[in-house]
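Dear colleague,

I am handing over the model that we discussed, with its sequence, and my notes on it follow below. Please read them with the structure open beside you.

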Amino acid sequence: MVRETVLTVADLIYPMFVMEGIGQRQEVPSMPGCFRYSLDVLLDELQVVTGLGIGAIALFPLIPDAQKDNAGTESYNPQGLIPQTVRAIKQVFPDLLVITDIALDPYSRMGHDGIVENGKILNDETVAVLVKQALAHAEAGADMVAPSDMMDGRIGAIRQALDAEGWINVGILAYSAKYASAYYGPFRDALESAPKFGDKKTYQMDPANGDEALKEVDLDIAEGADIVMIKPALAYLDVIRRIRQHTNLPIAAYNVSGEYAMVKAAAAQGWIDEQAVVLETLTSIKRAGADVILTYFAKDVARVLGGGKDEA
């Protein structure tokens, strides 16, 4: 009766990995219980996901090496993996909110979020490609695009381009405060997208900085973001709280792969109660101020909270 924070299935966005092929369901070794799906198997899995009451997913692609280059040209191929996947999902699940990742790292042979020249990331040239990618995803039927690259000015450029092409109802979930974190390792395993050189500290945020997050959020709001996100979540609860006090815009938080993997590893050893820890963790993220949470635990949590009928 007096509980201040209530976690519900409606708070959850389920990140999912898609790959080429038929009949493929490959478990990510560093993320037990998470899989890369070919489109046909993904559609079967979405019957389970939607049956549990989960209303939103975020798609991430595993791109074959042969399709990668420095300019990320495959990222805006209208017949590429993500546009094909979005079109197929929308035919079967028209009411499912489909969010697509906007970034070059899955498509880059360098594994970086931007075009590389002489060991440096080209910001403006990258933004031009991100705009093409966002337009291709909107054309395919994406409800929301989520720029995760942290290039300067990309939110404004994407919003302007979407509006100019008539995609005024396609939302932008901005990775506004994305830190150069060590918690992303398992995700990069899932997409085989680890940087081939250096790190991402020239464009992602320094984990030591909190004030900078407010600046980044303000910039993205001014440029037209519909939702701002903090990533990772658990080590940055203070940042989530500060941004909650700073804006009335919806706030998302990403319970990232490293956070997921640590819980799974400890639970496998019998050192923790997985269900209790997961519920406590996600509740803490919401208590800090997040309105929605991207989490690989979404299905497990939905089963506990009784969001819908599990058809598995």
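**Strand pairing**

Strand 11 (residues 251-255) pairs with strand 12 in the parallel sense over four bridges, where helices (H or I, at least four residues) and strands (E, at least two) are DSSP runs numbered from the N terminus, and two strands pair if DSSP finds at least two bridges between them. This is a predicted model, in which local features need pLDDT of at least 70 and side-chain atom pairs count only at pLDDT 80 or more, while totals for chains, interfaces and linings use all residues. Residues are numbered from 1 along each chain as its sequence is written, and side-chain values use heavy atoms, with hydrogens and water left out.

Within the pairing of strands 11 and 12, alanine 252 has valine 292 of strand 12 as its bridge partner. Strand 12 also pairs in the parallel sense with strand 1 (residues 12-19), over two bridges, and there isoleucine 293 is the bridge partner of leucine 12. The side chains of strand 12 (residues 292-295) point two ways, Val292 and Leu294 to one side and Ile293 and Thr295 to the other, and all are buried, buried being under 20% relative accessible area, exposed over 50% and partly exposed in between, with a 1.4 Å probe and protein chains only.

Strand 1 pairs with strand 3 as well, in the parallel sense and over three bridges, with valine 18 opposite tyrosine 37 of strand 3. Strand 2 (residues 25-27) runs antiparallel to strand 3 and is joined to it by three bridges; in this pairing glutamate 27 has phenylalanine 35 as its bridge partner. Both faces of strand 3 (residues 35-38) are covered, since Phe35 and Tyr37 on one side and Arg36 and Ser38 on the other are all buried.

**Three buried polar residues**

Serine 75 and asparagine 70 are in the loop between strand 4 (56-62) and helix 2 (81-92). Serine 75 counts as buried because its relative accessibility is 1%, and a polar atom of its side chain lies 2.6 Å from the backbone oxygen of glycine 72. Leaving aside neighbours within four places in sequence, serine 75 is in contact (heavy atoms within 4.5 Å) with Leu104, Tyr107, Val129, Gln133 and His137. Asparagine 70 is buried, with a relative accessible area of 17%; a polar atom of its side chain lies 2.8 Å from the backbone oxygen of valine 116, and asparagine 70 touches Arg109, Met110, Ile115 and Val116, again not counting residues up to four places away in sequence.

Serine 257 is found in helix 8 (residues 257-268) and is buried at a relative accessible area of 1%. The C-alpha atoms of serine 257 and tyrosine 184 are separated by 5.9 Å, although these residues are 73 apart along the chain. Not counting residues up to four places away in sequence, serine 257 touches Met31, Tyr183, Tyr184, Gly185, Pro186, Phe187 and Tyr296.

**The largest pocket**

A pocket here is an open set of points on a 1 Å grid over the protein atoms alone, where a 1.4 Å probe fits, with protein on both sides within 12 Å along at least five of seven lines, and lining residues have an atom within 4 Å of a point. Residues lining the largest pocket include Lys120, Asn123, Asp152, Tyr203 and Glu216. Strand 7 (120-122) and helix 6 (211-223) are the elements that give two or more residues to this lining.

With regards

How values were computed
Polar contact = N/O pair within 3.5 Å; in protein donor to acceptor, adjacent residues only side chain to side chain.
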